[in-house]
Amino acid sequence: MEWYTSQSSPEDTFIVNAICSFMFNHMLVHHPKPEFSQFIGDQDKIREQEEFYFDRARHVLAQIFDVPDRYMIVGLLMMSTRAEASRRHHYVGMAVSMLHQLEIYPRMNTDPVDIDDDRAFDKEMDTRLWWFAWSIDFYLYSAGAPKNTPQPRLPGQVSLPRVFEQDIDGVENSIIAHEKCILLWQMQAEIILAVYEKDADMTVEQLNNYDSKLNSYYSSLPDYLKCDSGFEYGNEELFLTCLRVTVEYNATRILLHKLFLPEVTDPRPSRLSLQSLNTCLITSLTQLRALNTCTRSALTQCAFDRDELWRASEVISMAMDIYRTCISPDDQKLILQNIDRAEYENGLNKALEILKKTREYDAMNKNWIQVADWLQVEIRRHKLYSRSSSKDYRSPSTKDDSSNLGPITAPAPDYYLANLKIKPPQDQAPRKRSRQMSNTESSSMLSVLSFPQPNFSSVFSGLLGQRRKSVSPNAPAQVQFNMYIPEQQTPSPSPSPSLLQRSKPQPQSQIQQQLPQPFQQFNAMSPGAGKNQPRFRYFNPRKMNKFLFIDEHPM
């Protein structure tokens, strides 16, 4: 911001227009201002405005291209996510070339770090910029684009971003989120290397190894990054960070086991493939709970990931098809092991309900409508096979098999409790809608947080744009924030006691212990890894935008 205020015409600079193109849709949807009301609900006008910023950034870039700096590298990386799909890797390639030209290299694990040394923070900024380029390149490369991965100056293990004193009361939560997500993306990159670049099938030993890494990763997370730990949040941004890491962790587990799922038409699938399906299904239902939590407040909406809701829904729909195809009752039992049948059968309906509570759906974003249409088609298709798929969640106390359940006082919530003080907001009216909605729908989608006046940092902090004052994760919770949760129009889901310990959500670490033991003596591979597909079959460059929580646009 010091740089911004020092410019005679900052709105005409390259970096500012790159940021505007990158963030305009997100800011408009999630952090709206009255002066932008003309854009609400008009996707074409939003797209035109983004293209205006993009074209102006390109025009300025042509004039300053010969004198690169760090701002130019950041701007090029942002533009790569907004350019046409066939040209995106060109922008990353230019950015990586400038990294080497300016000799911007990351800190290595062997390098000493003195947090009181300003030079150490300068090296930290180089490290963060290097990882930002790595992350953007991984996003594009996973979708099928040529690789432009930046390289360190010397071989070795690159140090991850870390929080410095200069970040406190500013962007420390963004740094924490980026560090934890990088570890997950590295695992995904290794899977790409093992399966696609080497053109080989993943072995069971490799699957067990990555599964073990994921278990270790989750166990090592601090309590404030585990939604089910009972940590008391006094910081709204820290809970947002927790949700971002949780969503990406669940996604990585699904992506790994999806490589081993059985064919939908196989009446006698292998036990290994059924175990992976069970793991995917458990994680997908857990993912819906995390994504539903994202929709329940103004700030956590920023952590919602459309593609991960779609992916979890795809697993649920596929599991229904495979369940019907299986001949053996034992195979069917294995698919639903440790899963509440009612929650599973209503999973697609729940996903559609979650999607409709997002601000993008409310603004009639075409990509959100696309997923809603797909969900409705899948729901209707499965109804043709079984009427049970249209039922709402049932309380465990209403099930036929009620033995050994014990007393149950209330159904478990279908979202994570963040130890928020629940209090209806005073004098707050629902925000205007971009389309006509019934009173029932408006009430069920309203979710508002009431916070103290935010104190914004002067540092542009990565992908979330607007930042609020935050505190150290280890500091005592001093800020109370009130969350208004409207009465639901439909019964709340009732996950099974085996997953949720009756009315209390079960810690994710315990869910992991219920997953199948390491698989032995099996060299089966994903039947679905075609040679002409994106490198990860769950990526579709024409439909999906898979870097953090960037809002996607029709291509």
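Partly exposed means a relative accessible area between 20% and 50%. Lys366 fits that label, with a relative accessible area of 46%. Keep the cut-offs in mind on this tour of a predicted model.

**Stop 1: Asp44 and Lys366**

Select Asp44 and Lys366. Their side chains meet in a salt bridge, 3.3 Å from N to O. Asp44 lies in helix H3 and Lys366 in helix H16 (residues 366-383), so the pair ties together parts 322 residues apart in sequence. Asp44 is partly exposed, with a relative accessible area of 46%. This is one of 22 salt bridges in the structure.

**Stop 2: Arg56 and Asp12**

Stay on H3 and select Arg56. Which residue forms a salt bridge with Arg56? Asp12 does, with the closest N and O atoms 3.9 Å apart. Arg56 sits in helix H3 (residues 43-64), while Asp12 sits in the loop between helix H1 (2-6) and helix H2 (14-30). The two are 44 residues apart, so in terms of chain position the pair links distant parts. Arg56 has 26% relative accessibility and counts as partly exposed. Asp12 is also partly exposed, at 40%.

**Stop 3: Glu50 and Arg82**

Now select Glu50, again in helix H3, and Arg82, in the loop between helix H4 (70-80) and helix H5 (88-101). Their side chains form a salt bridge, at 3.9 Å from N to O. The partners are 32 residues apart. Are they buried or exposed? Glu50 is buried, at 2% relative accessibility. Arg82 is buried too, at 8%. Both fall in that class because buried means under 20%. Widen the selection to Arg47 and Glu51: salt bridges with shared partners join Arg47, Glu50, Glu51 and Arg82 into one network.

**Stop 4: helix H5**

Move along the chain to H5. The helix has 14 residues and spans 20 Å from first C-alpha to last, close to the 20 Å expected at 1.5 Å a residue. Colour its buried residues: Arg88, His89, Tyr91, Val92, Ala95, Val96, Met98 and Leu99. An α-helix has 3.6 residues a turn, so residues three or four places apart point the same way. What covers the buried residues of H5? The cover includes H3, H4 and helix H6 (118-142). Then step past the end of the helix to Glu103, which follows H5 and has a positive phi, near 55 degrees.

**Stop 5: Lys180**

Select Lys180 in helix H7 (residues 172-197). This lysine counts as buried, at 15% relative accessibility. Show its surroundings, leaving out residues up to four places away in sequence. Lys180 then touches Tyr217, Leu221, Leu225 and Val245.

**Stop 6: the nonpolar cores**

Finish with the cores. The largest nonpolar core has 120 residues. Which residues have the most contacts inside it? They are Met202, Leu309, Ile335 and Leu355. Centre the view on Leu355. Not counting residues up to four places away in sequence, Leu355 touches Phe304, Leu309, Tyr361, Trp368, Val371, Ala372 and Leu375. Leu309 thus appears twice here: as a contact of Leu355, and among the residues with the most contacts inside the core.

Last selection: Phe24, Phe39, Ile46 and Tyr53. These are among the 5 residues of another core, which lies apart from the largest one.

Terms used. Residues numbered from 1 in each chain as written. Predicted model: local features only at pLDDT ≥ 70, side-chain atom pairs only at ≥ 80, totals over all residues. Heavy atoms only, no water. Salt bridge = Lys/Arg side-chain N within 4 Å of Asp/Glu carboxyl O. Helix = DSSP H or I, 4+ residues; strand = E, 2+ residues; numbered from the N terminus. Buried < 20%, exposed > 50% of the residue type's maximum accessible area, 1.4 Å probe, protein only. Expected span 1.5 Å × (residues − 1). Contact = heavy atoms within 4.5 Å. Core = buried A, V, L, I, M, F, W, Y, C linked by side-chain atoms within 4.5 Å.
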